[in-house]
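Reader: I'm new to reading protein models, and I'd like a close look at one part of this one. Could you pick a stretch and walk me through it slowly?

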Amino acid sequence: MRRAGAGEGGPGNYVASGYSVYEEENEHLQEGLRSKVHALKSLTIDIGTEVKYQNKMLDEMDSDFDSTGGLLGATIGRVKQLSRGSQTKLLCYMLLFCFFVFFVLYWFIKLR
């Protein structure tokens, strides 16, 4: 004779099997969460690497612009020195030449 609650079909085993279903579901959800956290971690590392690379590129551009600014400053100084003298005709020719070069470059870029 079987007692109620004792054996395989009793309520104690039913409750235990219900817990095991919840445990399996929790483990499945944990594994999904673990994979998502791993994906986020690798994405964060990739973003950090990209930010470092972009910062390095910006630093290089900053130094390039500084050197270009120095070159342009020296050139403007020479143009001012030319304008102080009586060589205004030479300055006009130089400005016309610059406009011509910019026009040719604009025209060349526009055709592409």
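Here is a walk through helix 1, with the rest of the chain as its setting.

Author: Sure, let's dig in. Keep in mind that this is a predicted model. The chain has two helices and zero strands, and helix 1 covers residues 11–84.

Start with the pair R34 and E31. Both sit in helix 1, three residues apart, which is about one turn of the helix. What do they form? A salt bridge, with the closest N and O atoms 3.0 Å apart. The structure holds one salt bridge, and this is the pair that makes it. Is E31 buried or exposed? In between, actually: its relative accessibility is 46%, so E31 counts as partly exposed, since that label runs from 20% to 50%.

Now slide along helix 1 to E60. This residue belongs to a patch of negative charge on the surface, where it gathers with D59, D62, D64 and D66. E60 has a relative accessibility of 39%, so it also falls in the partly exposed class.

For the setting, look at helix 2, which spans residues 88–111. UniProt, in an unreviewed entry, places the feature "transmembrane region" at residues 90–109. That stretch is 100% helix and 0% strand in the model, and its end C-alpha atoms lie 29 Å apart. Here you'll find a patch of another kind: F97, F100, V101, F102, F103, V104, L105, W107 and L111 make a nonpolar surface patch of about 990 Å². One of its members, L105, lies in helix 2 and has 44% relative accessibility, so L105 counts as partly exposed too.

Finally, zoom out to the whole chain. How many of its 112 residues, as a percentage, count as buried? Just 2%. The accessible surface of the chain comes to about 10,700 Å², and 65% of that belongs to carbon and sulfur atoms.

So, back on helix 1, the places to find again on your screen are the salt bridge between R34 and E31 and the negative patch that includes E60.

Technical notes:
Residues are numbered from 1 along each chain as its sequence is written. This is a predicted model: local features need pLDDT of at least 70, side-chain atom pairs count only at pLDDT 80 or more; totals for chains, interfaces and linings use all residues. Side-chain values use heavy atoms; hydrogens and water are left out. Patches are made of residues with over 30% relative accessible area and no salt bridge: like charges are joined within 9 Å, nonpolar side chains (Val, Leu, Ile, Met, Phe, Trp, Tyr) within 5 Å. Accessible areas come from the Shrake-Rupley method with a 1.4 Å probe; for residues, only the protein chains shown count as cover. A salt bridge is a side-chain nitrogen of Lys or Arg within 4 Å of a carboxyl oxygen of Asp or Glu. Lys and Arg count as positive and Asp and Glu as negative; His and the chain ends are not counted. The place of a charge is taken as NZ of Lys, CZ of Arg, CG of Asp or CD of Glu. Helices (H or I, at least four residues) and strands (E, at least two) are DSSP runs, numbered from the N terminus. Buried means under 20% relative accessible area, exposed over 50%, partly exposed in between (1.4 Å probe, protein chains only). UniProt positions are given in the numbering used here, feature names are shortened, and annotations may be inferred rather than shown by experiment.
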